[in-house]
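This briefing goes through a protein model in three parts: the sheet, the helices that pack on it, and one residue inside a helix. Please keep the sequence and the structure in view while reading.

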Amino acid sequence: MKTYALIGGSSTIAQTLIKSLENQDVILLVYSRSEDLFHKQSNVTWKQFDILKDEFNSSEIPSSVDALLYFPGTINLKPFNSLKIDDFQSDYEINFLGAVKAINAFYRPLRKSGNGSIVMVSSVAAKVGMPYHASIASAKAAVEGLTRSLAAEFAPHIRVNCIAPSLTDTQMASKLLSTEDRKNSIVQRNPMKQIGKPEDLAAMAEFLISEKSAWITGQVIGVDGGMSTLNLV
């Protein structure tokens, strides 16, 4: 039986993944600030946890863990002149330092599993310059650098990969999708003329922690409707 640890389990993508894994022979350790109905599943152990304030209790972590998925994130879009140092620091702490903290806590159990997998989440904005993304793009670029560095350092015992989506229909993005005009504008900018679905990202995460991706590591995988690579103008 596999054991997966999910940090930021209240996120829409994490909840979608948890639901997908409901009937599989896996144990899910879910860390989040608030409990959700998904955490009532029989294969879920939920722990209240704030990545910025709390410390992982090593005695509560199994000796062997097969995958670590890090989902906490931010969408902090402002003109550069409106951004404060605190904005940059907050985005960096949640997106990057939180991931470092989680990986440090789970490194030994992942190593002991013999074929551990770490999955983090970046953004298309780390690769493609977009206005008003200075803070979040910088933080996510750090996540991508961490992905590649740790993939090299942890090979061949632990695989490390990163998913880089464009805007996806999640609770965190709800303000950006609050009107039909905003939705239509975003749809028109995407080569596939779609807004991403949580299922798209959850499916990629599930693939990356499975044995089907056993030869994939050090990759930043765009699940973005072609935003990071295509220009149809």
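The points below describe a predicted model and are grouped by topic. Seven strands make up an open sheet with parallel pairing. Helices α1 and α2 are taken next, followed by asparagine 95, which lies in α2.

**The sheet**

- The strand order is β3-β2-β1-β4-β5-β6-β7.
- The edge positions belong to β3 (44-48) and β7, and each has a single partner strand, so one side of each lacks a neighbour in the sheet.
- From one strand to the next, the twist averages 20 degrees.
- Strands β1 (residues 2-7) and β4 (residues 67-70) are parallel and are paired through four bridges. Within this pairing, alanine 5 has leucine 68 of β4 as its bridge partner.
- Strand β6 (residues 158-165) runs parallel to β7, and four bridges join the two. Here alanine 164 is bridged to glycine 222 in β7.

**Side chains along β7**

- Strand β7 covers residues 220-223, and its side chains alternate between two faces.
- Ile221 and Val223 point to one face and are buried.
- Val220 and Gly222 point to the other face and are not buried.

**Helices on the sheet**

- Helix α1 (residues 12-20) lies across β1, β2 (26-32), β3 and β4. The helix runs at about 160 degrees to β1.
- Helix α2 also packs on the sheet, where it touches β1, β2, β4, β5 (116-121) and β6. Its direction makes about 175 degrees with that of β4.
- The buried residues of α1 are Ile13, Ala14, Gln15, Thr16, Leu17 and Ile18.
- The cover over these buried α1 residues includes strands β1, β2, β3 and β4, together with helix α5 (198-208).

**Asparagine 95**

- Asparagine 95 is part of helix α2, which spans residues 85-113.
- Its relative accessible area is 2%, under the 20% cut-off, so asparagine 95 counts as buried.
- What does the side chain of asparagine 95 reach at 2.8 Å? It reaches the backbone oxygen of aspartate 91.
- The asparagine 95 side chain also makes a polar contact, at 2.9 Å, with the side chain of threonine 74.
- Leaving aside residues up to four places away in sequence, asparagine 95 touches Tyr70, Pro72, Gly73, Thr74, Ile136, Ala139, Lys140 and Val143.

Key: Residues are numbered from 1 along each chain as its sequence is written. This is a predicted model: local features need pLDDT of at least 70, side-chain atom pairs count only at pLDDT 80 or more; totals for chains, interfaces and linings use all residues. Side-chain values use heavy atoms; hydrogens and water are left out. Buried means under 20% relative accessible area, exposed over 50%, partly exposed in between (1.4 Å probe, protein chains only). A polar contact is a pair of N or O atoms within 3.5 Å; within protein, one must be able to donate a hydrogen and the other to accept it, and residues adjacent in sequence count only if both atoms are side-chain atoms. Contact means heavy atoms within 4.5 Å. Two strands pair if DSSP finds at least two bridges between them. Axes are lines fitted to C-alpha atoms, for helices over the stretch in contact, and angles run from 0 to 180 degrees between N-to-C directions.
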